[in-house]
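The following exercises concern a ligand site and selected features of the backbone. Each task is followed by a worked solution.

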Amino acid sequence: NTNSNAISKVSAQKETAKHKSHRLSNEIERIVQDHLKYDRENVSDLWELIHHEGEMKVYRREVEENGIVVDPLKCFHTVKGVTGREICHYFFDPTYRMDWETTLDSTKVIETLDKDNPDTLIFFQLHKRVWPSAQRDSCFWSHIRCVSTGEEDQPLWIVVNYTTDHAQAPIKSPFVRLVANVALTCETQIIEPPLNPKDIKRENLLCKLTYVAFVNPGGWAPAAALRAIAKREYPKFLKRFTSYVIEQTRDQPILF
Ligand code: H15
């Protein structure tokens, strides 16, 4: 089964600490540490709550750079019955991307940085043309990682998507390149833990999810349309994606 195969390849990093470094190692380390430091912090009053539905809260700050909308976005959500590892796995693995993504025309992996430890992939994606301006594409490294916290606690899982250049993905008009720094961080909680950890059922699982997105459209796009799309699409993504993970894992053994 490709599913458990991919999962076990990534989990290898939990056991063995040593990995080959590659041309992106330093950048990845810096960006991941930044996300681990700041993302789970609660929002200040500079953030506006733009969507609240059940456990889901979506915030944004209206920011423009040279007349281009680059609104930072931050979402908190709580998902029942799944682990952080499961959520991050389905977000990272290209096998499932088109099952839950509704804003893409295509996705392609153009490089696996370390084949012995495939925790970093380079994606080239074509985004659906959604507003009256040029179609966007993106090229980014995507990195998945498990971070140990205290002895008692479940580890954190994080996926970061960060724009990069690649010889196999030159910028070609009429496409405009999106610039992004996106992170999904997940924390698993065990509610009413049974005496024997082996007896943990899906109903004992709660996953605290944080999703942070800094996306620069890379060129002019109508501000009002862009903000309306973001306000609609991010909550839609969170609902669809988390429901997808619940559905996929429902009858599967729990992956901690
Ligand atoms: O995070 C999401 N999707 C991943 C996996 O496909 C890619 C994303 C990324 C976006 C842009 C560049 C690089 C990487 O991390 C879910 C994204 C939900 C998108 C909601 C649409 C908002 C539209 C307004 C901003 C323009 C960005 C277009 C996607």
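**Exercise 1.** Determine which side chains place an N or O atom at polar-contact distance from an oxygen atom of the ligand.

*Solution.* Take a polar contact as a pair of N or O atoms within 3.5 Å. In this predicted model, local features need pLDDT of at least 70 and side-chain atom pairs count only at pLDDT 80 or more, whereas totals for chains, interfaces and linings use all residues. Residues are numbered from 1 along each chain as its sequence is written, and side-chain values use heavy atoms, with hydrogens and water left out.
- Step 1: the side chain of Glu101 has an N or O atom 2.6 Å from a ligand oxygen.
- Step 2: for Asn161, the corresponding distance to a ligand oxygen is 3.0 Å.
- Step 3: for Gln125, the distance is 3.1 Å.

**Exercise 2.** State how much of the accessible area of the ligand the protein covers.

*Solution.* On its own, the ligand has 650 Å² of accessible area, and the protein covers 95% of it. Accessible areas follow the Shrake-Rupley method with a 1.4 Å probe.

**Exercise 3.** Describe the composition of the shell around the ligand and the elements that contribute to it.

*Solution.*
- Step 1: count the shell, in which a residue is included if one of its heavy atoms lies within 4 Å of the ligand. There are 20 such residues, and Arg97 and Tyr211 are among the closest.
- Step 2: sort them by class, which gives 13 nonpolar, four polar and three charged residues. Here Ala, Val, Leu, Ile, Met, Phe, Trp, Tyr, Cys and Pro count as nonpolar, Asp, Glu, Lys and Arg as charged, and the others, Gly among them, as polar.
- Step 3: assign elements by DSSP runs, with helices (H or I) of at least four residues and strands (E) of at least two. Elements giving two or more residues include helix H4 (97-100), strand E7 (120-127) and helix H5 (223-249). The largest share, four residues, comes from H5.

**Exercise 4.** Which parts of the chain does the salt bridge between Arg227 and Glu62 link?

*Solution.* A salt bridge requires a side-chain nitrogen of Lys or Arg within 4 Å of a carboxyl oxygen of Asp or Glu. The closest N and O atoms of Arg227 and Glu62 are 3.8 Å apart. Arg227 belongs to helix H5, and Glu62 to the loop between strand E2 (56-60) and strand E3 (64-65), 165 residues apart. The structure holds 14 salt bridges.

**Exercise 5.** Identify where the cis peptide bond occurs.

*Solution.* Most peptide bonds are trans. The cis bond joins Ser173 and Pro174, with omega about 15°. Pro174 is located in the loop between strand E9 (156-163) and strand E10 (176-177).

Terms used
A residue is near a molecule or strand if one of its heavy atoms lies within 4 Å of it. A polar contact is a pair of N or O atoms within 3.5 Å; within protein, one must be able to donate a hydrogen and the other to accept it, and residues adjacent in sequence count only if both atoms are side-chain atoms.
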